[in-house]
Amino acid sequence: MSVPITDPRDRLIVALDLPSVGAAESLVAQLGDAVTFYKIGYELGFAGGLGLARELIADGRKVFIDFKLHDIGNTVARGIASLAALGASFATVHAYPQTLRAAVEGRGDSALRLLAVTVLTSYDEADLRAAGYGAGVEETVARRVVQAREAGIDGIVCAPTDATRVRTLLGPDRAIVTPGVRPEGAATGDQKRVATPFAAIRAGADHLVVGRPIVAAPDPAAAARAVQAEIAAALAAS
Ligand SMILES: O=c1ccn([C@@H]2O[C@H](COP(=O)(O)O)[C@@H](O)[C@H]2O)c(=O)[nH]1
């Protein structure tokens, strides 16, 4: 089950998609107290980022390890157990039934919350077809949400444009985490299923993952504050 959000700042998760620990430390310093939750993915994770994760956690920040695990069950279960021992708050696995069950076993009764990745936000219908899937985005997301729920996963990663349907299938108690978030006018880059921070929260997202619109902004702290303000406005309108 998800953990209640007691600090509203925790709704924004900044993706530390940066090439070095030094660059990430400097961004964290610039963002200061506005940001409490950080995501570490391949780029930083494979450049010493797990050491930084330990430091951020020791400093009271929350850390989401986004390695999207997908392997044989034994490997997934042991990998997730290591991330639980690290003290991470969230970790991702791809939403395949065997992988989901192994991840739940590896999590055990630790504080780590597992998120199942449904269909990547950079995929559209044509990308799914090219990957060999017969079902479209909506049907694939729905199937994976149900399978993740049945496996005992704690939350879902989906596009903000999927969040309303996902909430219906997932119920109120588990987390919905949406990347693919773009403030009005921001470049979408390789993201295909996107929405603004306001729309994502209104659609039922609990946490928004934002990378380039903050990390590459001329003033990252101002960009983060603007996203936080949109989140607050959406919550007030709910
Ligand atoms: O479906 C998914 C799953 C994960 N991500 C990750 O989120 C961030 C988004 O970064 P932006 O720069 O805001 O596009 C990135 O780290 C992805 O690995 C995702 O985008 N979509």
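This short talk walks through one structure, from its annotated domain to its ligand, a few single residues and two helices. Please keep in mind throughout that we are looking at a predicted model.

Let me begin with the record, because it gives us a frame for the rest, and a cautious one, since annotations may be inferred rather than shown by experiment. The UniProt entry, which is unreviewed, carries the annotation "domain: Orotidine 5'-phosphate decarboxylase" over residues 11-227. In the model, that span is 46% helix and 17% strand, and its end C-alpha atoms lie 10 Å apart.

The same kind of annotation brings us to the next stop. Under "active site", the unreviewed UniProt entry lists Asp66, Lys68 and Asp71. Of these residues, Asp66 and Lys68 are included in the lining of the largest pocket. Aspartate 66 is found in strand 3, which runs over residues 62-69, and lysine 68 lies in strand 3 as well. Are these two buried or exposed? Aspartate 66 has a relative accessibility of 6%, and therefore counts as buried, while lysine 68, with a relative accessible area of 22%, is partly exposed. Their side chains make a polar contact with each other at 2.9 Å. If we leave aside neighbours within four places in sequence, aspartate 66 is in contact with Lys39, Ile40, Gly41, Tyr42 and Thr92, and lysine 68, on that basis, touches Tyr42, Thr92, Val93, His94, Val117 and Leu120.

Let us turn to the ligand. Which residues come nearest to it? There are 16 residues around the ligand, and of these Asp17, Thr121, Arg182, Gln191 and Arg212 come nearest. For aspartate 17, a polar side-chain atom lies 2.7 Å from an oxygen atom of the ligand. With the next two residues the backbone takes part: a backbone N or O atom of glycine 211 lies 2.8 Å from a ligand oxygen, and a backbone N or O atom of arginine 212 lies 2.7 Å from a ligand oxygen.

I would also like to point out threonine 118, which is found in the loop between strand 5 (113-117) and helix 5 (125-130). Although threonine 118 sits in a loop, it is buried, with a relative accessible area of 2%. A polar atom of its side chain lies 2.9 Å from the backbone oxygen of valine 157, and, apart from neighbours within four places in sequence, threonine 118 is in contact with Val141, Arg144, Val145, Ile156, Val157 and Cys158.

Finally, two helices. In helix 7, residues 163-170, the buried residues are Ala163, Val166, Arg167 and Leu170. Seen down the axis of helix 7, these fall within an arc of 105 degrees, so they line one face of the helix. The general background is that an α-helix has 3.6 residues a turn, so residues three or four places apart point the same way. What covers the buried residues of helix 7 includes helix 6 (137-151), strand 6 (155-157) and strand 7 (175-178). After helix 7 comes glycine 171, with a positive phi near 85 degrees.

In helix 4, residues 97-107, the buried residues are Thr99, Leu100, Ala102, Ala103, Val104, Gly106 and Arg107. They pack against strand 3, helix 3 (73-86), strand 4 (90-94), strand 5 and helix 6. Strand 3, as we heard, is where aspartate 66 is found. Helix 4 is followed by glycine 108, whose phi is positive and near 55 degrees.

Terms used. Residues numbered from 1 in each chain as written. Predicted model: local features only at pLDDT ≥ 70, side-chain atom pairs only at ≥ 80, totals over all residues. Heavy atoms only, no water. Buried < 20%, exposed > 50% of the residue type's maximum accessible area, 1.4 Å probe, protein only. Helix = DSSP H or I, 4+ residues; strand = E, 2+ residues; numbered from the N terminus. Arc of directions from axis to C-beta. Contact = heavy atoms within 4.5 Å. Polar contact = N/O pair within 3.5 Å; in protein donor to acceptor, adjacent residues only side chain to side chain. 1 Å grid on protein atoms, 1.4 Å probe; cavity = no way out; pocket = protein on both sides within 12 Å on 5 of 7 lines; lining within 4 Å. Near = heavy atom within 4 Å.
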